[in-house]
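Thanks for coming, everyone. I'll take one structure and go through it feature by feature. Let's put it on the screen.

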Amino acid sequence: EEPTIYVDNQKRGRSGHMTHAMAEFQKNCLIDFNANCSKERWEGHSPYGWVEYRISCDSGKTYSEPEKLPYSWNCFLDGIYMISVEKAVACEDGTIVAFCLRNDGTNSTCCEPWNTPTVIRSTDGGKTWSEPLEYSPYPGRSYDALIHDGVIYVMHFCNEHFLGTNPSHQYRIYTSTDNGKTFSERSVIPFDTKGRGYSAMIFDEENVLHAYAYNVNAEQELDHAISCDFGKTWTLLPPCHLEKGIRNPQIALIDGVFVLHGRAGDLKGFVLYTSENAADWDEGLLVVPKEGVSAYYSNNVNLQDDEGNFLLIQYSDTYEGATKVNVMHMRLRIKK
C-alpha cells in the first residue's frame with residue numbers, strides 16, 4: 001500500500017536515525033519506537049538525541065502522543081551514551097522487552113565505539129519501564145531479536161565497531177526463558193566475520209532458525225546459516241544471492257511468504273525481496289528508488305485488521321540531502 005509519514009521530522013526540524021523497533025503486546029495493541037535526533041549533528045545521520053514511542057490500539061491506524069523513553073532521555077541528559085532501540089519483542093503475558101544499543105555520546109558522530117548492550121522491560125503496556133539490564137558482556141550491536149514458543153532469541157554481533165576485522169568478532173545467540181529477566185548464551189554462529197556487519201534471523205514454519213549476515217565486500221551475497229535445534233548448533237549454507245544487494249536486512253514471514261527489506265546495495269534506494277524458502281530470493285523491487293541516500297533503516301511487525309494479515313514496515317526516508325530523514329509506514333499484504 002502507499003507509504004504514509006509516521007513521524008514528520010522535517011516539520012519539527014529534526015531527524016530520525018535508527019530506532020524503528022515495533023511489537024504487538026496485546027491483540028491489535030502496538031508499541032512503536034522512533035528516534036528524535038538532531039538534524040545538524042552529522043547531517044542528521046547521528047543518534048544524537050533520544051528515543052520516543054507511541055501506542056496504537058487499532059493495529060496502527062491511530063497512535064497516542066509520543067512519550068520519551070526514560071532510559072534514553074536520562075542518558076541523553078548525561079551525555080555519555082546515546083541510546084537506540086534496535087528491536088522489541090512482546091511476551092505471552094504482554095511484557096514488552098526492548099533491546100538497546102549504547103552509542104558513544106562523547107564523539108562527533110555519537111555512534112561507535114559501541115558499549116555492551118542492554119535490555120529494558122515494561123509490564124504495563126509502556127507506562128513504566130525497568131532499569132536497564134546488561135545481557136551480554138561483549139560490546140557490540142544486537143541486530144535482531146524474536147520470540148518463538150515462549151523463548152526470546154537475540155542475535156548479537158560482538159564488535160565495538162561496524163565491520164568485523166578479526167576472529168574475536170562473533171555473532172552470538174542469547175536466549176531468555178523468563179520474559180527477558182535473565183539471558184544466557186546459546187551458541188556462536190560460525191560465520192567468517194571479516195567485513196561482516198548487519199544481520200537478521202527468523203524461524204521458518206518447520207522450526208528451522210535462519211541467520212543472515214551482511215558482507216560489505218559482496219553486497220549481493222548475504223551469508224546464510226541454519227539451526228535445526230533452536231540455535232544450539234549451526235550449518236553454513238551458500239550465501240543468498242540478492243540481485244540489487246541489501247544493507248541492514250530485516251526479515252519477516254507472512255502468509256507463507258518470506259519478506260526481506262532494507263537499503264539496497266550501492267545506495268540505490270529501499271528494496272524488498274520475497275522468497276518461498278528463505279534461501280532463494282526473487283529479483284527484488286525498489287519500492288523507493290533513490291540514488292546516493294544513506295537512509296532506509298527499517299523494521300517490521302506482523303499485524304491483523306478487518307482485511308486480514310499485513311506486515312507493517314517502518315523505514316527512514318530522506319526529506320533533505322542524503323541523511324536527514326522522516327519516518328515512514330508502509331503496509332504489505334500477500335495477494336493470493
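Which strand gives the most to the lining of the largest cavity? E6 does, with three residues. Before the details, the ground rules. This is a predicted model, where local features need pLDDT of at least 70, side-chain atom pairs count only at pLDDT 80 or more, and totals for chains, interfaces and linings use all residues. Residues are numbered from 1 along each chain as its sequence is written, and side-chain values use heavy atoms, with hydrogens and water left out.

Cavities, then. A cavity here is a set of points on a 1 Å grid over the protein atoms alone, where a 1.4 Å probe fits but cannot get out; lining residues have an atom within 4 Å of a point. Grid points are joined across faces, edges and corners, and a volume is the space filled by probe spheres set on the points. Searching the whole structure turns up two cavities of 30 Å³ or more.

The largest has a volume of about 110 Å³. It is lined by 13 residues, and the closest to its centre are Glu86, Asn248, Gln250, Ser298 and Asn299. Four strands each give two or more residues to that lining: E6 (81-90), E10 (140-148), E18 (247-254) and E22 (298-305). Helices (H or I, at least four residues) and strands (E, at least two) are DSSP runs, numbered from the N terminus. How does the lining divide by class? Four residues are nonpolar, six polar and three charged. For the classes, Ala, Val, Leu, Ile, Met, Phe, Trp, Tyr, Cys and Pro count as nonpolar, Asp, Glu, Lys and Arg as charged, and the others, Gly among them, as polar.

The second largest cavity has a volume of about 30 Å³. Its lining includes Gly16, His17, Gly44, His45, Ser294 and Tyr297. Three of its lining residues are nonpolar, seven are polar, and none is charged.

Next, strand E15, residues 209-215. Seven of its seven residues are buried. Buried means under 20% relative accessible area, exposed means over 50%, and partly exposed is in between, using a 1.4 Å probe and protein chains only. In a regular strand the side chains alternate between the two faces of the sheet. On E15, one side carries Leu209, Ala211, Ala213 and Asn215, the other His210, Tyr212 and Tyr214, and both faces are covered.

What does E15 pair with? Strand E14 (residues 196-203) runs antiparallel to it, joined by six bridges. Two strands pair if DSSP finds at least two bridges between them. Ala200 stands opposite Tyr212. E14 and E15 form a hairpin with five residues between them, and Asn207 in the turn has a positive phi of about 65 degrees. Strand E16 (residues 221-227) is also antiparallel to E15, over five bridges. There, Ala211 stands opposite Ala225. Another hairpin joins E15 to E16, through five residues.

Stay on E16 for Asp223, which sits in that strand. Is Asp223 buried or exposed? It counts as buried, because its relative accessibility is 9%. Its side chain makes a polar contact with the side chain of Arg196, at 2.6 Å. A polar contact is a pair of N or O atoms within 3.5 Å; within protein, one must be able to donate a hydrogen and the other to accept it, and residues adjacent in sequence count only if both atoms are side-chain atoms.

Now cysteines. How many disulfides does the structure hold? Zero. A disulfide is a pair of cysteine sulfur atoms within 2.5 Å. For Cys57, the nearest cysteine sulfur is that of Cys29, 3.7 Å away. Cys57 counts as exposed, because its relative accessibility is 54%. For Cys240, the nearest is that of Cys228, 15 Å away. Cys240 is at 1% relative accessibility, so it counts as buried.

Last stop, the open sheet. Four strands run in the order E2-E3-E4-E5, with antiparallel pairing. E2 and E5 (67-68) are the edge strands, each pairing on one side only. E4 (residues 49-56) pairs with E5 over two bridges. Glu52 stands opposite Lys68 in E5.

That's the tour. Over to you.

Notes
1 Å grid on protein atoms, 1.4 Å probe; cavity = no way out; pocket = protein on both sides within 12 Å on 5 of 7 lines; lining within 4 Å.
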